[in-house]
Amino acid sequence: MVRAFREGDVIARSGGEEFVMLLKGRSREECLEEMEELRHRIETLRPEGLNLTASIGVASNMLRTDAGYEEILDEADRAMYRAKDEGRDRVCLFTPDGDWQAQIESRISWQQRVREALENDRFEAGDGMALLAAIRKCA
């Protein structure tokens, strides 16, 4: 994966199977093209016969120079969830419009609530249906 990028780019694992890439000195179109190329490379790897896919979210501060790294990372994360929602194995650019943002925010909220409840042992016997619904919503 590292060979696909330029000197000065930053690539880091952010947890689990997620990576963060900071691509410097490129337009949004160039980033989208490079991420689509990366997605295709991942798809063709097939280690030990496994099918690999990549859902990639792209965000840019080219049009909003006041946006900080945290905001851009959050937007890229939302775009990644959109890529997953639209069928996985695709590249999506963050756009500030659309109903999909509300759906993603709702999903993230549910995921956080379920995690917190599990971590704090707050589920009780009567919560089975709520837990099942929340897990389905998180999937």
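User: Why does Glu48 count as exposed?

Analyst: The relative accessibility of Glu48 is 82%. Exposed means over 50% relative accessible area, buried under 20%, and partly exposed in between (1.4 Å probe, protein chains only). Glu48 is therefore classed as exposed. The model is a predicted one, in which local features need pLDDT of at least 70 and side-chain atom pairs pLDDT 80 or more, whereas totals for chains, interfaces and linings use all residues. Residues are numbered from 1 along each chain as its sequence is written, and side-chain values use heavy atoms, with hydrogens and water left out.

User: What makes the phi of Glu48 notable?

Analyst: Most residues other than glycine have a negative phi. Glu48 is not a glycine, yet its phi is positive, at about 50°. Arg46 also has a positive phi, near 50°, and is a residue other than glycine.

User: Where does Arg46 lie, and why is Arg46 called partly exposed?

Analyst: Arg46 belongs to the loop between H1 and E3, as does Glu48. Helices (H or I, at least four residues) and strands (E, at least two) are DSSP runs, numbered from the N terminus. The relative accessibility of Arg46 is 44%, so Arg46 falls between the two limits and counts as partly exposed.

User: Why is Ser55 called buried?

Analyst: Ser55 has a relative accessible area of 16%, which is below the upper limit for that class, so Ser55 is buried. Ser55 is located in the loop between helix H1 (28-45) and strand E3 (56-58).

User: Which residues does Ser55 touch, not counting residues up to four places away in sequence?

Analyst: With contact taken as heavy atoms within 4.5 Å, Ser55 touches Met80, Ala83, Lys84, Arg88, Asp89 and Arg90. The side chain of Ser55 also reaches the backbone nitrogen of Asp89 at 3.3 Å.

User: How do you know that the charged end of Lys84 sits over the ring of Tyr81?

Analyst: A charge sits over a ring if NZ of Lys or CZ of Arg is within 6 Å of the ring centre and within 35 degrees of the ring normal. The charged end of Lys84 is 5.6 Å from the centre of the Tyr81 ring and is listed as sitting over it.

User: How many helices and strands does the chain have, and what share of its residues count as buried?

Analyst: There are four helices and four strands, arranged from the N terminus as β-β-α-β-α-β-α-α. Of the 139 residues, 27% count as buried.

Note on methods. Polar contact = N/O pair within 3.5 Å; in protein donor to acceptor, adjacent residues only side chain to side chain.
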